[in-house]
Amino acid sequence: PIQSILGAGTLAQLSPTDQAALTGHSFFADLISMPFRHGLDEAFAFAAVICLIAAVISWSRGSRSAAKGMP
């Protein structure tokens with residue numbers, strides 16, 4: 001992915017060692033892994049909070065059931 005972002009002209013200006021590091025298989029994966037992990041943690045934390053809020057609201061409504069009025 002980095003090779004297509006930077007283009008051949010920019011990569012040609014770098015040393016062969018830097019070119020290999022940037023276009024290797026691990027650079028991009030390492031680059032996005034922490035932001036992805038942080039976003040995933042945020043999403044799960046939000047889901048947990050929403051579930052807890054829903055549980056508290058459900059608990060506060062009491063033990064009413066939709067099946068109570070049915071024969």
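Author: A salt bridge is a side-chain nitrogen of Lys or Arg within 4 Å of a carboxyl oxygen of Asp or Glu, and we can apply that rule to the predicted model shown above.

Reader: How many salt bridges does the rule give here, and which side chains meet?

Author: The count comes to one salt bridge, in which the side chains of R37 and D41 meet with an N to O distance of 3.6 Å.

Reader: Where do R37 and D41 lie, and is D41 buried, partly exposed or exposed?

Author: Both R37 and D41 belong to helix α3, which covers residues 27–60, and they are four residues apart, or about one turn of the helix. D41 has a relative accessible area of 41%, so it is partly exposed.

Reader: How should I read the packing of two helices, and what are the values for α1 and α2?

Author: Two packed helices are described by the angle between their axes and by the distance between those axes. In this model, helix α1 (residues 2–12) packs with helix α2 (residues 16–23) at an angle of about 170°, and their axes are 11 Å apart. That angle makes α1 roughly antiparallel to α2.

Reader: Which residues form the contact of α1 with α2?

Author: From α1 come I2, Q3, L6, L11 and A12, which meet Q19, L22 and T23 of α2; five of the contact residues are nonpolar, three are polar and none is charged.

Reader: What is the pattern along the whole chain, and what percentage of the residues is buried?

Author: The chain has three helices and zero strands, in the order α-α-α. Of its 71 residues, 4% are buried, while the exposed area is about 6,100 Å², with 69% of it supplied by carbon and sulfur atoms.

Notes. Residues are numbered from 1 along each chain as its sequence is written. This is a predicted model: local features need pLDDT of at least 70, side-chain atom pairs count only at pLDDT 80 or more; totals for chains, interfaces and linings use all residues. Side-chain values use heavy atoms; hydrogens and water are left out. Axes are lines fitted to C-alpha atoms, for helices over the stretch in contact, and angles run from 0 to 180 degrees between N-to-C directions. Angles under 35 degrees count as roughly parallel, over 145 as roughly antiparallel, 65 to 115 as roughly perpendicular and the rest as oblique. Contact means heavy atoms within 4.5 Å. Ala, Val, Leu, Ile, Met, Phe, Trp, Tyr, Cys and Pro count as nonpolar, Asp, Glu, Lys and Arg as charged, and the others, Gly among them, as polar. Buried means under 20% relative accessible area, exposed over 50%, partly exposed in between (1.4 Å probe, protein chains only). Accessible areas come from the Shrake-Rupley method with a 1.4 Å probe; for residues, only the protein chains shown count as cover.
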